[in-house]
Amino acid sequence: MFWKKNNYLPFIILFLTALIVRLGAAVYWEQRIVHNKDFNPGASSPFYFGDSDTYWQLGKAIAEGEPYKYGSNYIHRMPGYPVLLAPLFLIGELSLPARILAARIENIIFGVLTVFAVVLLAQQLFNNRSISLLAGFFAALDPLQIIMSVMILSEAPFCFFMMLQLLFFVKGFETIEKKKSTAGLWFFILSGLMYAAAVYCRPSWLYFVPFAVLLGIIFCPYSFKRIIFSGAVITAVLVLCLLPWWYRNYQVSGHFVSTTLQTGPAFYDGLSPTATGKSEMTFVAVFQEEFFREEFKEPGAYAPVSPAALEYKLNQKMKEAAINWAKKHPDKALELAIRKFFRLWNFFPNEESFSSITMKIAVFCSFSPVFLLGLCGVIGSFRRSVDVMILWYPAVYITLLHMIFVSSIRYRCPAMLGLAILAAWCVVGLLQARCKSSRKALQ
């Protein structure tokens with residue numbers, strides 16, 4: 001292992017650093033921000049993000065054996081993160097603040113494990129201790145990674161499962177290359193399981209593997225057979241893992257729903273006459289009221305229809321409205337896409353509440369070098385095989401996705417993990433090249 005022979009101390013320091021900065025951020029968030037009404041207008045709520053409450057209530061419903069629904073919505077969220085929160089509601093008679101703190105600690109653990117996964121993936125790809133260590137520090141000290149590790153949001157577990165998915169894929173891809181097809185198959189199965197776990201946390205990840213297969217074939221046609229085989233196995237495992245969710249969704253709504261019924265609102269949030277690139281979901285209540293008025297002319301006419309079936313219809317209605325608006329206004333849709341691109345890759349926070357001078361400096365100083373060096377690594381990766389290039393596939397996938405849906409620097413967190421490894425590879429390569437030239441000059 002790369003930390004044997006008494007060389008493990010730097011890695012212990014790395015993981016302790018990742019843990020300490022996240023614990024410190026959690027304490028700061030609890031004491032200075034959650035209850036600060038100037039920062040958090042809804043300070044009466046323990047959550048800053050509205051998404052947090054949905055995960056929280058669904059996790060509680062799972063723990064208490066209640067129907068899996070949020071309000072009147074039965075297919076509102078994937079159950080991955082709520083399942084992770086559910087055990088917290090089974091721990092004795094804890095107060096609400098104590099349970100929330102436990103949830104933050106759970107996400108902090110996922111955040112530290114993600115740093116560990118970054119180190120393992122970098123070592124697997126480059127077999128270089130310096131690259132692994134530097135990539136780990138890039139991930140450990142990224143302010144956005146730290147913030148997302150203390151929020152009651154699905155980003156922290158998603159990033160962990162995503163990195164394991166990539167790690168097992170790389171191991172499988174390299175094992176197949178060594179003519180060990182059975183071992184490679186098992187690694188692809190493990191990658192598929194992590195893919196499913198990631199999708200259960202973040203449904204937008206559903207189409208990543210088909211997208212990655214397409215890019216792999218375009219940029220590495222000489223690995224066509226391995227790419228198709230790996231993609232087929234991983235996708236097959238995903239389908240098997242999603243079958244229970246699909247069956248449940250069909251049972252409650254009477255329709256096939258691949259992930260959730262939030263795609264319609266998400267489309268309309270990103271593509272509509274009022275869209276700005278920023279999430280603003282207040283339109284949902286208005287749209288829902290108009291939908292019911294149009295769908296049911298008489299009061300009570302919709303009573304025999306199941307709530308999930310209505311939820312499905314409303315979702316389809318919003319999706320169609322968004323697509324139709326984009327077709328009629330392609331120039332505005334393109335303008336929005338460009339605006340969302342720059343919101344995603346902004347060097348500074350987009351949100352006013354996170355735009356203090358300290359936060360701006362922290363985000364700029366941590367993001368700029370990793371991003372720019374990561375781009376250099378992307379260019380250099382074209383000389384390598386698909387297992388190295390897959391480090392920047394998430395960045396492309398997430399960028400294209402959020403040029404359609406709403407955008408924020410929050411959503412680039414998973415993409416930055418692969419770029420951090422490429423940035424570390426680039427830095428170490430430049431230093432090694434400089435050392436070689438210096439030695440030649442001395443000779």
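# A walk through the helices

Start by selecting V209, V213, G216 and I217 in helix α9, then add F224, I227, I228, G231, I234 and T235 in helix α10: these two groups meet, where contact means heavy atoms within 4.5 Å. You are looking at a predicted model with residues numbered from 1 along each chain as its sequence is written. Local features need pLDDT of at least 70, side-chain atom pairs count only at pLDDT 80 or more, totals for chains, interfaces and linings use all residues, and side-chain values rest on heavy atoms, with hydrogens and water left out.

Now show the two helices whole. α9 covers residues 208-219 and α10 covers residues 224-253, and they pack at an angle of about 180 degrees with their axes 10 Å apart. Axes here are lines fitted to C-alpha atoms, for helices over the stretch in contact, and angles run from 0 to 180 degrees between N-to-C directions. So α9 and α10 are roughly antiparallel to each other (angles over 145 degrees count that way, under 35 as roughly parallel, 65 to 115 as roughly perpendicular and the rest as oblique). Colour their contact by class and you get seven nonpolar, three polar and no charged residues. Ala, Val, Leu, Ile, Met, Phe, Trp, Tyr, Cys and Pro count as nonpolar, Asp, Glu, Lys and Arg as charged, and the others, Gly among them, as polar.

Next, click S191 in helix α8 (residues 181-201). Is S191 buried or exposed? It's buried, with a relative accessible area of 0%; buried means under 20%, exposed over 50% and partly exposed in between, using a 1.4 Å probe and protein chains only. Leaving aside neighbours within four places in sequence, S191 touches Q165, F168, F169 and I234.

Move on to α4 (residues 96-126) and α7 (residues 155-177), which pack at about 20 degrees with axes 8 Å apart. That makes α4 roughly parallel to α7. Among the residues making the contact are F110, L113 and L121 of α4 and F160, L164 and K171 of α7. By class, this contact has 17 nonpolar, four polar and two charged residues.

Time for some rings. The whole structure holds 30 aromatic pairs: rings of Phe, Tyr and Trp (its six-membered ring) pair if their centres lie within 6.5 Å, with planes under 30 degrees apart counted as stacked, over 60 as edge-to-face and the rest as tilted. Select Y55 and Y81, an edge-to-face pair at 5.1 Å centre to centre and 80 degrees between the planes. Y55 sits in α2 (residues 50-63) and Y81 in α3 (residues 80-85), 26 residues apart. Both are buried. Then try W392 and Y393: their ring centres are 5.0 Å apart and their planes at 85 degrees, so this pair is edge-to-face. W392 and Y393 are both buried. For a group of rings, select W345, F347, F348, F364, F367 and F371, which form one aromatic cluster.

Now find N7, in the segment before α1 (9-33). N7 is partly exposed, at 33% relative accessible area. Measure from N7 to R129: 122 residues apart in sequence, 9.6 Å apart in space, C-alpha to C-alpha.

Finally, zoom out. The protein has 18 helices and zero strands; helices (H or I, at least four residues) and strands (E, at least two) are DSSP runs, numbered from the N terminus. Buried residues make up 50% of the 443 residues.
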